[in-house]
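Reader: Please take one strand of this model and go through it closely, residue by residue where possible. After that, cover the salt bridges.

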Amino acid sequence: MTTPPEPPEQPTGPLEHQKPDPQTSDPGERTTPVPPAEPAPQPSSTDWTGPGTTPQPVVDEAPPRTVSRRTLYVVSGVALVAIVALIAVLLSRPGSEQARPQPAEPPGPTSTTETPSAGTETSAATLLGWGEPSRVDEFDGPRPQGWNLYNGQGHDGNGRRTPDAISVRDGILTITGDSDGNTGGMALYPGQMYGRWEGRVRLPESDPTYHALLLLWPDAEDWPRGGEVDFMEATDSSRQSVEFFLHYGRNNNQDHGEVAVDATQWHNWAVEWTPDHIVAYLDGQEWYRNEDKSHLPPRPMHLTIQLDWFPENGDPDNVRESEMQVDWIKEYPLR
């Protein structure tokens with residue numbers, strides 16, 4: 001059972017069971033008139049200026065004029081006004097990058113594909129008729145879009161959650177946990193009050209210290225009162241069974257379920273949360289249900305994906321690098 005921690009400046013994920021972790025010149029500068037220099041001797045009209053040239057009569061030049069400080073003020077002011085006007089014109093031109101507000105990070109992924117997602121035929125959404133998802137991530141970009149990536153202490157203060165542990169390649173999201181307990185997690189804000197979520201996940205064999213999870217976490221960050229729904233938690237290092245943990249109440253009470261499955265292969269994991277029940281599905285087939293309304297979350301929840309480090313479950317001095325892989329994630333409103 002994993003808990004993402006309270007997010008600091010950047011979210012660190014839930015703490016399961018505590019498991020949730022511009023320049024102008026000085027206008028006052030004086031200008032002192034400079035007296036004209038003694039005029040240099042002027043050459044006569046017959047002075048030679050170079051081979052092949054014709055001597056020209058020389059015309060005396062007027063002495064230099066001085067510029068008053070007031071004149072400088074006026075010239076400087078006019079120049080400043082002209083510069084400001086030019087900047088305003090440039091900024092108002094169509095196509096100016098500065099003139100267009102930059103788009104904010106989207107509230108969540110909305111990627112779509114022209115072909116059905118892998119494994120769609122055995123998804124709960126297809127088999128149970130959930131309709132069109134409100135959010136989809138096929139992980140077909142260079143990085144996850146619209147997710148908050150954890151950056152801070154790991155589960156229960158163990159190790160560290162870092163965005164460096166999360167990568168996307170060939171349409172697959174991978175979270176890697178290294179031998180020092182550096183791992184990752186990510187949250188999909190905002191959540192919703194009731195709904196359905198489904199993800200296609202593969203879990204290679206792992207070090208026993210690493211737990212892989214799909215879970216719902218309270219938007220209000222008020223765990224444990226706000227509840228926690230771990231609808232796919234793999235604690236078995238061989239990944240031959242997966243558990244369900246429903247956390248509820250101020251004392252972190254828990255209800256538990258377990259299903260035998262070869263999770264080293266691709267499977268679809270889903271959860272449905274309504275005012276009356278919570279149900280978990282594996283490849284479209286129900287395997288856990290709770291209809292006790294007092295156990296259900298009291299407020300909106302959001303999806304998180306986590307690979308959490310539990311050093312007490314193995315040898316923390318001899319940890320093997322482990323990972324979890326996600327093909328796609330979909331979120332559905334409750335219709």
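Author: What follows is a close look at strand E14 and Asn268 within it, then at a small sheet and the salt bridges.

This is a predicted model, in which local features need pLDDT of at least 70 and side-chain atom pairs count only at pLDDT 80 or more, while totals for chains, interfaces and linings use all residues. Residues are numbered from 1 along each chain as its sequence is written, and side-chain values use heavy atoms, with hydrogens and water left out.

Strand E14 covers residues 267-273. Helices (H or I, at least four residues) and strands (E, at least two) are DSSP runs, numbered from the N terminus. Seven of the seven residues of E14 are buried, where buried means under 20% relative accessible area, exposed over 50%, and partly exposed in between (1.4 Å probe, protein chains only). In a regular strand the side chains alternate between the two faces of the sheet. In E14, His267, Trp269, Val271 and Trp273 point one way, and Asn268, Ala270 and Glu272 point the other way. Residues on both sides are buried.

E14 has two pairing partners to describe here, E9 and E15. Two strands pair if DSSP finds at least two bridges between them. With strand E9 (residues 195-202), E14 pairs in the antiparallel sense over seven bridges; in this pairing Arg196 has Glu272 as its bridge partner. With strand E15 (residues 278-282), the pairing is also antiparallel, over five bridges. Here Trp273 stands opposite Ile278, and a hairpin of four residues joins E14 to E15.

Asn268 has a relative accessible area of 0%, so it counts as buried. Its side chain makes a polar contact with the side chain of Thr122 at 3.1 Å. (A polar contact is a pair of N or O atoms within 3.5 Å; within protein, one must be able to donate a hydrogen and the other to accept it, and residues adjacent in sequence count only if both atoms are side-chain atoms.) A polar atom of the Asn268 side chain also lies 2.9 Å from the backbone oxygen of Gly119. Contact means heavy atoms within 4.5 Å. Leaving aside residues up to four places away in sequence, Asn268 touches residues including Gly119, Thr122, Ser123, Glu198, Tyr281 and Trp328.

Elsewhere, an open sheet of three strands runs in the order E3-E4-E7, with mixed pairing. Its edge strands are E3 (152-153) and E7 (182-183), each pairing on one side only. E3 pairs with E4 (residues 160-161) in the antiparallel sense over two bridges, and Gln153 has Arg160 as its bridge partner in E4.

The whole structure holds eight salt bridges. A salt bridge is a side-chain nitrogen of Lys or Arg within 4 Å of a carboxyl oxygen of Asp or Glu. One of them joins the side chains of Arg161 and Asp308, at 2.8 Å from N to O. This pair links distant parts of the chain, with Arg161 in strand E4 and Asp308 in strand E17 (residues 301-309), 147 residues apart. Both Arg161 and Asp308 are buried.

Another salt bridge joins Arg169 and Asp170, with the closest N and O atoms 4.0 Å apart. Arg169 is exposed at 66% relative accessible area, and Asp170 is exposed at 74%. The side chains of Glu286 and Arg289 meet at 3.0 Å, N to O. Glu286 is partly exposed at 41%, as is Arg289 at 38%. Glu286, Arg289 and Glu291 are linked in a network of salt bridges.
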